[in-house]
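Trainee: Got a minute to walk me through this one? I'd like to start with a sheet and then wander around a bit.

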Amino acid sequence: MRPSFFHHLHPPTIPAVQSRWRHTLGAGGTAILLMLILGVTGILEMFYYVPNPQEAALSVQTITYHVPFGGFVRNLHYWSAQLLLIVSAIHLLRVVFTASYGRPRRFNYLLGLGVFVLAILLDFTGYILRWDEGICYPLVTGTNLLKTIPLIGDFLFRIAVGGGEACNTALLRFYTWHIFGLTIFVLILGVWHAFRVRRDGGIAVPPPQLRTDNERISRNELVRREVLQIFVVSIVLILMSIFLPAPIAAAMTGKPIVTEEARAPWFFLWVQQMLKWGDPFLFGVLIPFAVLTLTALIPYILPEPADADIGSWFPKSNRLAQIIIIAIALIVIVLTLMMVLT
Amino acid sequence: MKKILTIASGLLLLTLAFAWWMSSRGPKPVELIPTLTGQPEYCITCHADVPDISPSHPTVTFGCVTCHGGERLALNADLAHSTMRGGANPSDLSVVEASCGGSNCHSGSEADDRNHIQRVMTSVQSTYAGAIANIRYTFGAQTDLNAHFGISAVTDDQTQTGITSLAPFDPASETNPSIQKFGEECLTCHLRAEPREGDAYARQTGCAACHSPAPPLSSGEGWGEGKIHTLTTAISYAQCNTCHNRGNYDLRSMTFVERDDHPTQRIDDYYQPIAQFTQCEYTLDCVDCHTRDEAMGDGDIHANQKSIEYVQCKTCHGTPTELPLTKTLTDPNDIAFRLAFLNPVVDLQLGDTIIVTEKGEPLWNTKVLRDGTYEMIGKATNQYFTFKPVMGSHCTQSGEDQSSSYCHECHAVERQP
């Protein structure tokens, strides 16, 4: 039987070890699924969302309370976006912990990291689109951080937010960035990333001569496993969307006011914690950028993992990379907890 | 593997069905598009049982959000209520301008007599200026009885009384302990203050303090459990009593001594044992004689109650030498018609002659009858009274000395000890 379109996206057979759940955690595939859900639910939301400061929050309330299944679709969109960040982080950790970023995958590691950063920016811009009282802190602080960058800060601010105050023009800018500007980049980088996975020889495993397990599975089996993962993730997502409503607040009237209790979105709480310590450029821009750069350089400045170690968990040959990524993760988690607990 | 997939797809279908069922469970939204705003609101999804607040504010015209604020589209109670003005009482003076104000409503109007919010803000009922000045004078914090402070800052650009502004009274910045105690104990009877505890003190703040009579004291039925959604100008004496007959201040201990009984016989249960009353004073409601300017202010800042309260016995009864002031209604736009329309206890007609006060305020619930006598309809009770002028009676009181204490000399009713 000739393979269907979906089967055709996969190689006829792959080494069994590449597709084991305990090897990949299914994180990359889950991220693709979540992005597809985000695309579909996002398009549905666009039928009702009004990107205009007077009506944005009201249109979100309309979606949530008055459009049939609107609240459910919005919850799906919200939880997919949050899970996407978590799943992407797990994917990144998995790649480092299994020494899967070495040549020839160094460039694809960067592509993946790019998709991760774009996903964070998409989540952030999506947050802003609510345009209600809950988004004042990220809107005001986030955009003002851009201004602190020497020389090009004002220029970046104008690109991201439009001129003047983070107000009327800002919403349309964020809307366009969210549904078009960032999305088109994430689409290009995401497809490129997936294409490079196959071009680089599939999921990282040792070269054939160093493998202990030479079993292979057919693409039919692979697709079955993927479908199972899709079902499980979908069930979890649907249950979350039924029981945990996405945050919503009263419409913003007048200019955004940042209060003491205002919080950044959860994935930027660690930056908000650091901003308490002083210089916004240092803590809000330089350090996060340094963390990103350090993560990006892991495949380039650290010694290549040994061929035999590729794909096995916590191998000795890339200890330093593991330590660096664990340190970054721990610092982010601790800073986030500090912010949550204050 | 195929078996697991079958089970998983079954579970997925089940969760989808569950999602369907859950989203069909919520309340069916009920839309209201008030003619005034044209913007849909969904408050009546849950609040269908709330009656119109008054014939002048029908829900189909005003909706809920115009006065109460709130998120008009939200179907989640917390979100819907999160931006309500003044909690359940949008007429609280801290938010009244947004709720009741506007030149089409109750503020910003050229005419002083429609500018109710400015009137109330500057009235002694909300400034408490007289009491504050008296106490500060008594305890040496100021050398005159002029009003310098109010409960909060107010200004009046077009003052007729010479008082252009009041600074906010801050008991903490006073040095005399009695004034400090006054600040702690005695600031519970102005329009910004939350009432004291107890049914007898039950009232709202702001406009609703007078215009939303609270059950069980009002003649009207309350809506819901202890809630009230009524605005009226038919204000019974019991509503005034929530502040004005609930006890007395003890200046030695600087405390408010609450009375512990409930008045049933109006004449016997007034808290001032030495006070004297004529029949009108314990039969009529306060608003039958006392005017809008007296109760709500006239737009100017007054130094004390005495400076704004002016209606006396002679306003209706005249003196041995003069009949009460009257006015024949010839202008269909006369304010008397508007007031009678708001509380239709009388059928006022063009050509009717009514009593007016010395400031020209209409006592629109009175009428001069053809035989030279007068009638009055109780604004809150709808009771019918007739009375005669003093002129032509046996009264020999000088026309110059007409304060009520002189009238009480002969006409007060003997009270039970």
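Mentor: Sure. In this predicted model, three strands of chain B form an open sheet in the order β9-β10-β11, and the pairing is antiparallel. Strands here are DSSP runs of E with at least two residues, helices are runs of H or I with at least four, and both are numbered from the N terminus. Two strands pair if DSSP finds at least two bridges between them.

Trainee: Which strands stand at the edges?

Mentor: β9 (366-368) and β11 (384-387) of chain B. Each has a single partner strand, so one side of each is left without a neighbour in the sheet. From one strand to the next, the twist averages 20 degrees; the axes behind that are lines fitted to C-alpha atoms, for helices over the stretch in contact, and angles run from 0 to 180 degrees between N-to-C directions.

Trainee: How many bridges join β10 to β11 in chain B?

Mentor: Four, between β10 (residues 374-377) and β11, which run antiparallel. B:E375 has B:T386 of β11(B) as its bridge partner.

Trainee: And what's in the loop between β10 and β11 of chain B?

Mentor: B:N382 is found there. Its phi is near 65 degrees, a positive value in a residue other than glycine.

Trainee: Is B:N382 buried or partly exposed?

Mentor: Partly exposed, because it has 14 C-beta neighbours inside 10 Å. The rule is that 20 or more other C-beta atoms within 10 Å of a residue's own make it buried, 12 or fewer make it exposed, and partly exposed is in between, with C-beta atoms placed from the backbone.

Trainee: How should I read the numbering and the confidence limits?

Mentor: Residues are numbered from 1 along each chain as its sequence is written, while chains are lettered from A and ligands numbered from 1 in the order in which they are written. As this is a predicted model, local features need pLDDT of at least 70 and side-chain atom pairs count only at pLDDT 80 or more, but totals for chains, interfaces and linings use all residues.

Trainee: What's the mean pLDDT of chain B?

Mentor: It is 88, and 94% of the residues in chain B reach 70 or more. pLDDT is the predictor's confidence in each residue, from 0 to 100. Residues 216-224 of chain B stay under 50, and the model has 18 contacts beyond four places in sequence for them. Two residues are in contact if their C-beta atoms, placed from the backbone, lie within 7 Å. For the complex, the predictor gives an ipTM of 0.84 and a pTM of 0.85.

Trainee: Back to strands. What does β3 pair with in chain B?

Mentor: β1 (residues 149-150) and β3 (residues 165-168) pair in the parallel sense over two bridges, with B:G150 opposite B:P168. β2 (residues 154-155) is joined to β3 by two bridges and runs antiparallel to it; there B:T155 stands opposite B:S165.

Trainee: Now chain A. How many helices and strands does it have?

Mentor: 13 helices and two strands. Chain B has 19 helices and 11 strands.

Trainee: What radius of gyration does chain A have?

Mentor: 21 Å, which agrees with the value near 20 Å for a compact globule, because the chain has 342 residues. That radius is taken over C-alpha atoms, and the globule rule is 2.2 Å times the number of residues to the power 0.38. The C-alpha trace of chain A spans about 65 × 45 × 35 Å along its principal axes, and 37% of its residues count as buried.

Trainee: Where's the cis peptide bond?

Mentor: Between A:R103 and A:P104, with omega about 5 degrees. A:P104 is in the loop between α5 (70-97) and α6 (106-129) of chain A. A:A99 has its place in that loop too, with a positive phi of about 50 degrees although it is not a glycine. A:A99 counts as buried because it has 27 C-beta neighbours inside 10 Å.

Trainee: Last one: how many residues does each chain put into the contact?

Mentor: 21 from chain B and 21 from chain A. Helix α1 (residues 2-23) gives the most to chain B's side, with 12 residues. By class, that side has 15 nonpolar, five polar and one charged residues. Nonpolar covers Ala, Val, Leu, Ile, Met, Phe, Trp, Tyr, Cys and Pro, charged covers Asp, Glu, Lys and Arg, and the others, Gly among them, are polar.
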